[in-house]
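Colleague: I should like to learn how to read a ligand site and backbone geometry in a model. Could we go through them in turn?

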Amino acid sequence: MASVLIAPHDRVFVLTGAGISAESGLPTFRAEDGLWAGYRVEDVCTPDAWRRNPAEVWAFYSARRKAGLKAEPNAAHIALAELEACLGDRFFLCTQNVDDLHERAGSVRLVHMHGELAKSRCERECGRAPIEDRTVYRNLAEVGRCACGGRLRPHIVFFGEVPLEMERIQDEIAQATLMVVVGTSGSVYPAASFVHWARQGGARTVYVGPEPPLNASAFTQVVVGKAGEMLPGLFQVE
Ligand code: NAD
């Protein structure tokens with residue numbers, strides 16, 4: 001049985017990807033067919049798709065909202081929330097996921113670098129903050145407008161856009177002595193570079209997932225298995 005020792009001086013940075021939510025019934029992307037829930041990424045997850053066909057983009061994210069509302073956190077989300085409860089501010093979680101299963105499991109010190117399904121924001125980037133929005137829109141006419149007149153878009157970082165909270169993420173990686181990466185294929189940047197940044201800072205690096213990621217050679221330990229089966233009991237906190 002694999003185990004990862006966490007010493008009293010350790011600071012842990014965790015990066016999660018779509019794989020951690022797979023056992024909650026949310027499809028990953030790039031699985032066998034390179035589609036996300038049956039859609040081509042170029043049709044629904046790019047600034048160009050939004051300009052060309054906002055109705056289809058909203059149809060896709062409305063369907064993701066509907067699926068996300070039904071899903072429940074699994075044993076892996078819970079194991080990370082329990083680790084945070086043990087480590088307090090020596091723990092930091094960065095997720096590429098747009099679902100809210102980490103916070104529903106109890107995680108608090110976390111950022112969503114690719115945005116959040118349960119929020120919308122102005123398409124004009126007018127400076128107003130994203131708003132809570134779990135509406136499953138049936139058509140574009142139902143989608144509201146910002147006070148400035150811009151249409152609301154999903155609060156999602158489309159491919160080609162700059163991820164959120166990068167300064168805080170870089171700062172947390174610089175302080176980390178242990179990086180744990182769970183359920184991500186290592187193909188979406190800059191997240192796929194985090195393990196290299198952590199190694200440059202001298203941190204140990206652990207990957208957990210059913211198959212080695214594309215950047216597997218950068219990890220000091222690869223724990224092969226499903227997150228919901230491997231994470232509970234993996235960490236030995238001294
Ligand atoms: P990916 O789909 O490219 O890769 C999924 C990874 O999860 C694979 O490496 C696979 O081996 C692994 N995996 C599958 N089942 C697993 C399990 N039970 N336990 C652990 N790992 C498992 O995902 P990615 O690298 O996160 O990149 C996809 C992008 O699409 C992300 O940026 C994310 O924003 C978005 N996305 C989000 C969700 C979500 O919010 N739930 C779902 C799909 C895609």
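**The ligand and its surroundings**

Modeller: In this predicted model, the ligand is surrounded by 27 residues, the closest being F29, Q96, H114, T184 and S185.

Colleague: How many residues of each class, nonpolar, polar and charged, does the shell around the ligand have?

Modeller: The shell comprises 11 nonpolar residues, 11 polar residues and 5 charged residues.

Colleague: From which domains does the shell around the ligand draw at least three residues?

Modeller: Two domains each supply at least three residues: domain 1 (1–26 + 72–114 + 162–238) and domain 2 (27–70 + 121–156). The space that the ligand takes is the largest pocket.

Colleague: How should I read the polar contacts of the ligand, and which residues are involved?

Modeller: One looks for pairs of N or O atoms within 3.5 Å. Here, a polar side-chain atom of S185 is 2.7 Å from an oxygen atom of the ligand. The backbone also takes part: a polar backbone atom of V98 lies 2.8 Å from a ligand oxygen atom, and a backbone N or O atom of G183 is 3.3 Å from an oxygen atom of the ligand. As for burial, the ligand taken alone exposes 860 Å², of which the protein buries 92%.

**Backbone geometry**

Colleague: What should I look for in the backbone itself?

Modeller: Most peptide bonds are trans, and most residues other than glycine have a negative phi, so departures from either pattern deserve a look.

Colleague: Which peptide bond is cis, and where is P190 placed?

Modeller: The bond from Y189 to P190 is cis, its omega being near 10°. P190 belongs to the loop between β8 (178–182) and α7 (194–200).

Colleague: What is the phi of E125, and in which loop is E125 found?

Modeller: E125, a residue other than glycine, has a positive phi near 50°. The loop that holds E125 runs between β5 (115–122) and β6 (131–132).

Notes:
Residues numbered from 1 in each chain as written. Predicted model: local features only at pLDDT ≥ 70, side-chain atom pairs only at ≥ 80, totals over all residues. Heavy atoms only, no water. Near = heavy atom within 4 Å. Polar contact = N/O pair within 3.5 Å; in protein donor to acceptor, adjacent residues only side chain to side chain. Areas by Shrake-Rupley, 256 points an atom, 1.4 Å probe, with all protein chains shown as cover. 1 Å grid on protein atoms, 1.4 Å probe; cavity = no way out; pocket = protein on both sides within 12 Å on 5 of 7 lines; lining within 4 Å. Sits in = over half its atoms within 2 Å of the grid points. Nonpolar A, V, L, I, M, F, W, Y, C, P; charged D, E, K, R; others polar. Domains from an automatic or database assignment. Helix = DSSP H or I, 4+ residues; strand = E, 2+ residues; numbered from the N terminus.
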